[in-house]
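I opened this model to look up how its helices pack and how its sheet is put together. My notes follow in the order in which I checked things.

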Amino acid sequence: MIRALKRYGQNFLQDRNILAFMIERSGVCENDCVLEIGPGHGILTRALLDSNVKCVHSVELDERFHDELDELSLRDTRLQVHWGDAVTFDYDSLVPFPNKVIANIPYNITTPLIWKLIQYAEHGLTYHMYMLQKEAAIRLTAPPDTKARYPLGVTIEATGHASIVKNVSRECFRPIPNVDSVIAEIVIERNFEIACDSLWSEMLHRGFAHRRKTLQNNLKDFVSVPDEYAKMRAEDLTCNEWIEIYNMKKAPAV
């Protein structure tokens, strides 16, 4: 058995009941092309292939799994294995392009990976299911006026919705992690262009850069904040209020 490497954030899912839940909840069918991140030994990959899914694209960085995954792809031509870093991978190269991502992702790349993948909504990738560290999922789903709120969560709220759909015991993994895990679901259904816009990203990251400061201070060199928001902090705003500020920045000067 190939052992998990800490530098890759690897914890291998073992519980087949959790796999069954992921397959049923995601509703994969013969029309779906699924993107999987970090297949490892291929336990989730096999579960996907056991469904009637149209195809599976698996992106893996750790080449120690070459033999296992290559053998699996030879047995089932619906599987395409791609080698590389999921955060920097060229997803435009995938044919056919996936419409769902279902993955037990390395927890150390959660934020940059999801930021990247939600940018492909206009390409048709609108459904996301991730096994996540519970703390990360709480941040993704944090409402306004909470300390856990952060730029990615605001962006998901502006483009769709995220929810925690199942708690997962530490005993479901090998090695057993030191953190609690959950399965989170993200559905992107509107404002597809926002996640791709560097102006939106810059606005949020500036706004949240110094959490104790007001928006007026954090955004003073970026945009003139409406008076009603000036003394508020970034975590206090709803996504609609953020969109209002964003549209003000985009509007041509008169």
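**Entry 1: α7 and α10.** I looked up helix α7 (residues 198–207) and helix α10 (residues 239–250) and found that their axes come within 10 Å and cross at roughly 120 degrees. α7 and α10 are therefore oblique to each other. For the wording I used these classes: under 35 degrees is roughly parallel, over 145 roughly antiparallel, 65 to 115 roughly perpendicular, and the rest oblique. Axes here are lines fitted to C-alpha atoms, for helices over the stretch in contact, and angles run from 0 to 180 degrees between N-to-C directions. Helices (H or I, at least four residues) and strands (E, at least two) are DSSP runs, numbered from the N terminus.

I noted that α7 passes α10 in a right-handed crossing. That term applies if the near helix is turned clockwise from the far one by less than a right angle, and left-handed applies if anticlockwise. On the α7 side the contact is made by Leu199, Trp200, Met203, Leu204 and Gly207, and on the α10 side by Trp242, Ile243, Ile245, Tyr246, Lys249 and Lys250. Contact means heavy atoms within 4.5 Å. I sorted these residues by class and got eight nonpolar, one polar and two charged. Ala, Val, Leu, Ile, Met, Phe, Trp, Tyr, Cys and Pro count as nonpolar, Asp, Glu, Lys and Arg as charged, and the others, Gly among them, as polar.

**Entry 2: basis of the values.** The model is predicted, with local features needing pLDDT of at least 70 and side-chain atom pairs counting only at pLDDT 80 or more, while totals for chains, interfaces and linings use all residues. Residues are numbered from 1 along each chain as its sequence is written, and side-chain values use heavy atoms, with hydrogens and water left out.

**Entry 3: α6 with α10, then with α4.** I next followed α10 to α6, where the axes come within 9 Å and cross at roughly 90 degrees. α6 and α10 are therefore roughly perpendicular to each other. Val154, Glu157 and Ala158 of α6 meet Cys239, Trp242 and Ile243 of α10. I count five nonpolar, no polar and one charged residue in the contact of α6 with α10.

α4 packs against α6 at an angle of about 30 degrees, with the axes 10 Å apart. That makes α4 roughly parallel to α6. The crossing of α4 past α6 is left-handed. Thr111, Ile114 and Trp115 of α4 touch Pro151, Leu152, Thr155 and Ile156 of α6. By class I have five nonpolar, two polar and no charged residues for the contact of α4 with α6.

**Entry 4: the sheet.** In what order do the seven strands of the open sheet run? I read β4-β3-β2-β5-β6-β9-β7, with mixed pairing. Two strands pair if DSSP finds at least two bridges between them. β4 (79–83) and β7 (160–168) are the edge strands, each pairing on one side only. From one strand to the next the twist averages 20 degrees.

I checked one pair in detail: β6 (residues 127–133) and β9 (residues 181–188) are antiparallel over seven bridges. Tyr130 stands opposite Ala184 in β9. Helix α4 (residues 110–117) packs on the sheet, touching β2 (33–37), β5 (100–104), β6 and β9, and its direction makes about 175 degrees with that of β6. Helix α6 (residues 151–159) also packs on the sheet, touching β7 and β9, at about 115 degrees to the direction of β7.

**Entry 5: the loop between β4 and β5.** I found Phe97 in this loop. Its C-alpha atom is 6.9 Å from that of Cys33, although the two are 64 residues apart along the chain. Beyond its neighbours within four places in sequence, Phe97 is in contact with Cys33, Tyr91, Asp92, Tyr120, His123 and Leu125. Pro96 is in the loop between β4 and β5 too, and a cis peptide bond joins Val95 to Pro96, with omega about -10 degrees.

**Entry 6: the whole chain.** I list 10 helices and nine strands in the protein chain. The C-alpha trace spans about 60 × 35 × 30 Å along its principal axes.
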